[in-house]
Structure formats: structure tokens, C-alpha cells
Amino acid sequence: MSSSDEEGSGEEYLFKIVIIGDSAVGKSNLLSRYARNEFNAHSKATIGVEFQTQSMEIDGKEVKAQIWDTAGQERFRAVTSAYYRGAVGALIVYDITRKTTFESVGRWLDELKTHSDTTLAMMLVGNKCDLEDIRAVSVEDGRSLAEAEGLFFMETSALDSTNVIKAFELVIQEIYNNVSRKVLNSDTYKAELSVNRVSLVNNGADGSKKTQGYFSCCSG
Amino acid sequence: MENKLEEDDDHEPGPVPPLRLDRFGFLKPEISPEGLTKSRSAFEYDREERRVRKWRKMIGVGGSDWKHYIRRKPHVVKRRIRKGIPDCLRGLVWQLISGSRDLLLMNPGVYEQLVIYETSASELDIIRDISRTFPSHVFFQQRHGPGQRSLYNVLKAYSVFDREVGYVQGMGFLAGLLLLYMSEEDAFWLLVALLKGAVHAPMEGLYQVGLPLVQQYLFQFDQLVKEHLPKLGEHFTQEMINPSMYASQWFITVFSYSFPFHLALRIWDVFLYEGVRIVFKVGVALLKYCHDDLIKLPFEKLIHALRNFPDNAMNPDTLLPLAYSIKVSRGLEETRQEYEKKNGKGGQLPGSEKQLE
Ligand SMILES: Nc1nc2c(ncn2[C@@H]2O[C@H](COP(=O)(O)OP(=O)(O)O)[C@@H](O)[C@H]2O)c(=O)[nH]1
Ligand SMILES: [Mg+2]
């Protein structure tokens, strides 16, 4: 059964966020660290897509992030890029110990631009900062790329938890700010947003918008 | 405890922690209370013995009678395979039914050539995934140990053998599963038999650029769900659940990615003999078995449930009979035609997907 508070009082937000980047940079572990406070040194490679939700409170409102984790290998983009659509936030992750993963960031940004036009908040994440002694990408390089592309920037470690919650929450906060700054009362914007919002709870009211679907895979 | 497991002194030096393994060699998550005492009953043991004897007779020494038998009594073979191939004969039978044995015999020395002399553009990708393939199995755990080395060799050899496919994540689970039952070279040829379609439709489309066959199968599966479980199909549509959210790995790894190993093996027995149809059947059967629970769940919980089926749903002795009872042939043929009409004959998708890579 869906939870009961359906009236306007307890306004609910649901943001779709994607986490992308080359294979083995630590996307799945960042997500499991954030959503369940777990790290798994022997996690399996992600095949296809995975998904987690996590909530936080902003201004007394419940803000829920629906986070999609995708396979990193280039070949999988054929099936994963469909998931970029409707995303309002993105974490683009590289591994600070592997330069090639940093060099791929540009391509990931292109992918994102091609498949999604609604992204409101993006963060560049240099993961595995616990491995300082084999670092291959400097903090400065990370930061200046982020600045050039207009992204937030943070170095994280899914292993020792450094900045993981911070990174996700900053993205969520930024989306929230963007949304509330926009004319929240404008109906057209609300309609637009509800497409991204992937209503989980059947609020009854906007069944029609929902069918718009934020997801469309194989069918054109 | 003093049940000793040694035999080969091949272990790396250093303290070896006592491992608790299930009967397939996977680490047990934790010690179950009845853990050690729970062994097979004498009755089960007897039954297994009888089955092995029947099977041995059917295949003959080293598989010599197999072809003869299968021509004469294909329905008997099918029935027996559906009950499960005895574990001690699995490796051999898999090679016989997949056609890989013939490939091996026709191509002496080829595997060695691929492993030793050729280089592959995918080597680093493969290495990165080696420790992420069956990480909880004792054979693959040891860094650079024999299991990981074999896995690397097979995947590298395949990526050279078919450079267009190369290496794709997910292939490691196929190779890993095979390596638990046969040698590297045998595993390689079985992989070739599957991807190139020695007996059944080729699987390589699951791994080619654009993953065309994954897309086709997901489309077909979606249609099958609507046909067999219309109410659930409707619920999925409402909640905007799409098979790509839960079923891609079923097809890409033939259930070897996240399903209990004993179930995966039973599915593979049938898969190798009857083809990909069983993957659809098992998929629909899982949904059918959990139907009444699934239909109540909203989006998030639904996705979670579709990725974490309860243990009783994954019991091969209940799930497989249910799967066998589901008829998919007609549905698969119709949906394939429908898919081809929509996407052009080759099954290739129009537009965006192609230009990648
Ligand atoms: N040292 C270190 N290793 C990490 C960190 N995050 C992930 N890893 C390891 O990197 C490998 C790939 O991680 P995974 O999360 O599966 O990467 P994904 O392919 O991007 O999802 C795994 O072996 C992880 O244990 C980190 O912050 N520090
Ligand atoms: Mg992953």
C-alpha cells in the first residue's frame, strides 16, 4: 500500500540521479557506501543497471534520490544511456590512480549531453583518494577540469568513506535549489518535472503525466 | 575443526584460513546451525548412484555412444537432462550437447596459439574484471592463482578469436562457470560453440556493439510477460518497470551472475540442450511464482524484489517444473518477427546506438 500523506502539506521530492564513469572506478561502491554504508572489496562488475534510493531532508521536506548505477564498459552504453533521460543530477566518476579514467570524463559528459537535456547538477568525482601513494591525477587537474566544464568537484573514497555522503548530498541539495529557484508555481515546469520525478506513489492526480515515461529503451 | 581438505600442496605459503565451502566450492556466508551435520541421506545417495549409472550407459566411454543414443532417443535425453545432469558427468555432457567437443577436435592447437602468441586490445579490461568474477568461489579467489589465470586465458583467447566481439563484461561469468567443470581449452571451445551457434542460435549478438540481441530478448521478454501474466504486465507498465531494469543479466550471463549456483547449473543443463528458450521460461516462471507479491509492490520495492527473489522461488525442483510448463515457442517467434519489423531485418537499432565506439 502506498503511504498515506497525499495532501500538499508534506511535499515530496524525487530526483533521478545517474552515476557514470569508466569501469572499475568505484561507482557501485560509492553508491553502496552512500545508500547502505557498505563497501565490498570483492564486488562483482555491474552488468546492465542497478538502482538504489536514499532520502534526505531539506527545509523540512523529504527529498528522495533515485540513483541509477550503470555498467561502465563502453559496449553497454547501448542499453544504459536510456537511463540518462530524465536525470536531474549526475556524478561522473574517475579513479585518481588511473589516468585513462580521467581522460574519459569528456566522453561521459558528451554522452550525458546527448541523452539528457534536463541535468541540473553535475559533479566530477575523483574516487579512491585513499590510494594517495599511487595517485596519477592531481587534485588540481581534477578541479580545473571541473571548473572548465561547470561541474562541482570532490575527491572521495568509497573505501574509507571520505566525502561520499557529502558528494551525493551536495548534488541533491543543488538539484533542490535549482528546482525551488525555478518558478515552482508554473504549471508547465511542474509538468516537466513530474516526468523526471517518476512518481513512485500513485498520487492519483497526475496519472496522465506519468505515462509520459522517463524511460524508453529499445522502442523508438 | 579437523576435517582436512588438503591433497594438493600447491597452495601459496602463508596461513590459510579455514574455509567453509558449499558443495560447489563457494564460500558459505556464515555457519548455519545444522551446517556440518546436514549431509545427503543414504536414500538420496543411492538415487544419485543409480542416475549416474544410467547416464554412463547413455553416453558410453568418453562420450562414444552419445551421438547414437541421442539420435535414437532424443526425448529420453531431453527428459533426463531436465531432471539435472549428474554433477560428476556435467562437464563431459555439456561438451557433448553443446557441440564444443567437435570444435575442439577439428581445431587442434588453435587455442594454444590464441593464448600464447596473440595479443588482445582487451587485456587490461579483462584483468580488471578477473577478481570481480565469482569473487566468492574458492577457485577464483586467489590472486593470480590457477583459477584467475585460466579465466584470463579463456577470455583473452576469445577476444582474439573474435575481435569484433572482443571482451564484454558478463562473458567472464560464462567462462567462469564453465571452468569449474572443464579445462581451459574445453571451456574456450564451449564458449565458441555458444557464441557462434554450433547447435542453437548464436549468442554473439548479446555482446556485439549495440548489444542487439540483448535488446531483442528484452523486447520479447516484455511481450511474453504481458501475454502470460497480463495483470502483472499491466502493473509493470503502470509502475514503469521495464525488463532492462532486472533481466539484462539473465540473458547476458544466462543466470550465472546472481542466482544460486545449484540453480544456475540446472538451468545450464537445459540451456545447452534446448537453447535460450529456457531463459525466457525460467524468467516468466520466476515472475509467475512471485506474482501475488510482485503485483502489490510499488516501483522501488518492485525493482528490489525483482533482483532478490526469495529462496523458495529459486528452488530448482519447484521453479524448473513450472518453467517447463510455460509455453513460449509461438510467442517468441511472433515477437521476433514483430521486433524485426520495428527495427529492420538485422535486428539492428536505428540511429543513436550505432555510432558509439
Ligand atoms: N582503494 C579503493 N578501492 C576502491 C574504492 N572504490 C572502489 N574500489 C575498488 O575498485 C574496484 C571497482 O569497484 P566498483 O565499485 O565495482 O567499480 P564500478 O565498476 O565503477 O562500479 C573494486 O575492487 C573496489 O573494491 C576506493 O574508494 N578505494
Ligand atoms: Mg559497478
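**Close-up 1. Packing of helices α12 and α13 in chain B of the predicted model**. Helix α12(B) spans residues 212-228 and helix α13(B) spans residues 230-239. Their axes lie 5 Å apart and make an angle of about 130°. That value falls outside the ranges for roughly parallel, antiparallel or perpendicular, so α12(B) and α13(B) are oblique to each other. From α12(B), the contact takes in B:V225, B:K226, B:E227 and B:H228. From α13(B), B:P230, B:G233, B:F236 and B:T237 take part. Sorted by class, the contact comprises 3 nonpolar, 3 polar and 2 charged residues.

**Close-up 2. A salt bridge between chains A and B, A:K64 with B:E300**. The search over all chains of the structure gives 25 salt bridges. In the pair shown here, the closest N and O atoms of A:K64 and B:E300 are 3.4 Å apart. A:K64 sits in strand β3 of chain A (residues 61-70), and B:E300 sits in helix α18 of chain B (residues 299-307), so the salt bridge joins two chains. A:K64 is partly exposed, because its relative accessibility is 23%. B:E300 has 16% relative accessibility and therefore counts as buried, the cut-off being under 20%.

**Close-up 3. The salt bridge of A:D95 with A:K128**. The closest N and O atoms of A:D95 and A:K128 are 3.2 Å apart. The two residues belong to distant parts of the chain, 33 residues apart. A:D95 is in strand β4 of chain A (residues 89-95). A:K128 is in the loop between β5 (121-127) and α5 (139-149) of chain A. With a relative accessibility of 1%, A:D95 is buried. A:K128, at 23% relative accessibility, is partly exposed.

**Close-up 4. The salt bridge of B:D162 with B:K196**. Here the closest N and O atoms are 2.7 Å apart. B:D162 lies in the loop between α9 (146-161) and α10 (171-179) of chain B. B:K196 lies in helix α11 of chain B (residues 184-196). The pair therefore ties together parts that are 34 residues apart in sequence. B:D162 counts as buried at 7% relative accessibility. B:K196 has a relative accessible area of 35% and is partly exposed.

**Close-up 5. A salt-bridge network in chain A**. A:D95, A:R98 and A:K128 are joined into one network by salt bridges that share partners.

Terms used: Residues numbered from 1 in each chain as written. Chains lettered and ligands numbered in written order. Predicted model: local features only at pLDDT ≥ 70, side-chain atom pairs only at ≥ 80, totals over all residues. Heavy atoms only, no water. Axes fitted to C-alpha atoms, helices over the stretch in contact; angles between N-to-C directions. Helix = DSSP H or I, 4+ residues; strand = E, 2+ residues; numbered from the N terminus. Parallel < 35°, antiparallel > 145°, perpendicular 65-115°, else oblique. Contact = heavy atoms within 4.5 Å. Nonpolar A, V, L, I, M, F, W, Y, C, P; charged D, E, K, R; others polar. Salt bridge = Lys/Arg side-chain N within 4 Å of Asp/Glu carboxyl O. Buried < 20%, exposed > 50% of the residue type's maximum accessible area, 1.4 Å probe, protein only.
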